[in-house]
Amino acid sequence: MSFFGFGQSVEVEILLSDAESRKRAEHKTEDGKKEKYFLFYDGETVSGKVSLALKNPNKRLEHQGIKIEFIGQIELYYDRGNHHEFVSLVKDLARPGEITQSQAFDFEFTHVEKPYESYTGQNVKLRYFLRATISRRLNDVVKEIDIVVHTLSTYPELNSSIKMEVGIEDCLHIEFEYNKSKYHLKDVIVGKIYFLLVRIKIKHMEIDIIKRETTGTGPNVYHENDTIAKYEIMDGAPVRGESIPIRLFLAGYELTPTMRDINKKFSVRYYLNLVLIDEEERRYFKQQEVVLWRKGDIVRKSMSHQAAIASQRFEGTASLGEVRTPGQLSDNNSRQ
């Protein structure tokens, strides 16, 4: 609530109609803390009531109208003055007049489209919230509550494995394979690495999960890379013909679904980064993009439209991450 100069004469509260039964989900705030919010999905109705409680029952509260809004917006941290709204619904609860006693107003936003997942990143925030406003001549009384939205997807129809041969000419030649190119957030990455030629002394090998957040367009594009996980594959020197298995459980890490060109404002992509370190501490690596998606625990009929949209987003196959570094491994064969 915001009140300037005159003290607060009314308390505003937004109560959801199914607050007792609705599931809550943890979500990271801007300061990195985790808080629990009511969880919604695309197509679900948002309903409840706005409760007004006068602090002094003997005083009247004049107003220019009371309304509630459901808003989905994107905020770029380098452009905080501009909020980009992609969902904006409003319900008028009361015409201009006076409030003489505490009262409540019911509201309902039916089958609300919530096309994107809630997200708080390094440079951008996508949030959904309800905002109740009592309009007044000098200063409005405002109350907001945030909700969290998860986007559910169906199993992708095409989910081919990733298989590549990479190396350094006459020094190192390895083949690596991941069982899929698209993983749900609780999935397991299964793969193997096969050493075809080893003429440099490798002492350590790991796989990193890297999240790349891209914001802005054109010349004003910002990239933020965040290493979500480091998984040690090998400690010691491999020999020719050796095969090393990979089994990486995703459930233990803070991951979101892959987000591509969300409202033309930002993207979030994930990469598996294979890193080899030799005895002289030189690093060799190869990045491969994978698609992450959220699997629903319960199949909902209302999700069908959202699932269709989500499956279309998965049509693109996993592309190679481009990293222009002297230690980058070159492709010997293209991905199958």
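Let me begin with a convention for residue classes: Ala, Val, Leu, Ile, Met, Phe, Trp, Tyr, Cys and Pro count as nonpolar, Asp, Glu, Lys and Arg as charged, and the others, Gly among them, as polar. What we are looking at is a predicted model, in which local features need pLDDT of at least 70 and side-chain atom pairs count only at pLDDT 80 or more, while totals for chains, interfaces and linings use all residues. Residues are numbered from 1 along each chain as its sequence is written, and side-chain values use heavy atoms, with hydrogens and water left out.

With that in place, the largest pocket (an open set of points on a 1 Å grid over the protein atoms alone, where a 1.4 Å probe fits, with protein on both sides within 12 Å along at least five of seven lines) has a volume of about 1000 Å³, a volume being the space filled by probe spheres set on the points, which are joined across faces, edges and corners. Its lining, meaning residues with an atom within 4 Å of a point, comprises 36 residues, and Glu26, His150, Leu185, Leu255 and Arg294 lie nearest the centre. By class, the lining divides into 13 nonpolar, 7 polar and 16 charged residues. Strands here are DSSP runs of E, at least two residues long, numbered from the N terminus, and strand E2 gives the largest share of the lining, 5 residues.

Let me turn to the strand pairing, where two strands pair if DSSP finds at least two bridges between them. Strand E11, residues 124-134, is mostly covered, with 10 of its 11 residues buried, that is, under 20% relative accessible area with a 1.4 Å probe and protein chains only. Strand E6, residues 66-76, runs antiparallel to E11 and is joined to it by 11 bridges, and Gln73 has Arg127 in E11 as its bridge partner. E11 also pairs with strand E12, residues 141-149, in the antiparallel sense over 7 bridges, and a hairpin through 6 residues joins the two.

Finally, there is an open sheet of 3 strands in the order E1-E4-E9, with antiparallel pairing. Strand E1 (10-16) and strand E9 (103-109) stand at its edges with a single partner strand each, so one side of each is left without a neighbour in the sheet. Strand E4, residues 46-54, is joined to E9 by 7 bridges, and Ser47 stands opposite Glu108 in E9.

Methods. Helices (H or I, at least four residues) and strands (E, at least two) are DSSP runs, numbered from the N terminus. Buried means under 20% relative accessible area, exposed over 50%, partly exposed in between (1.4 Å probe, protein chains only).
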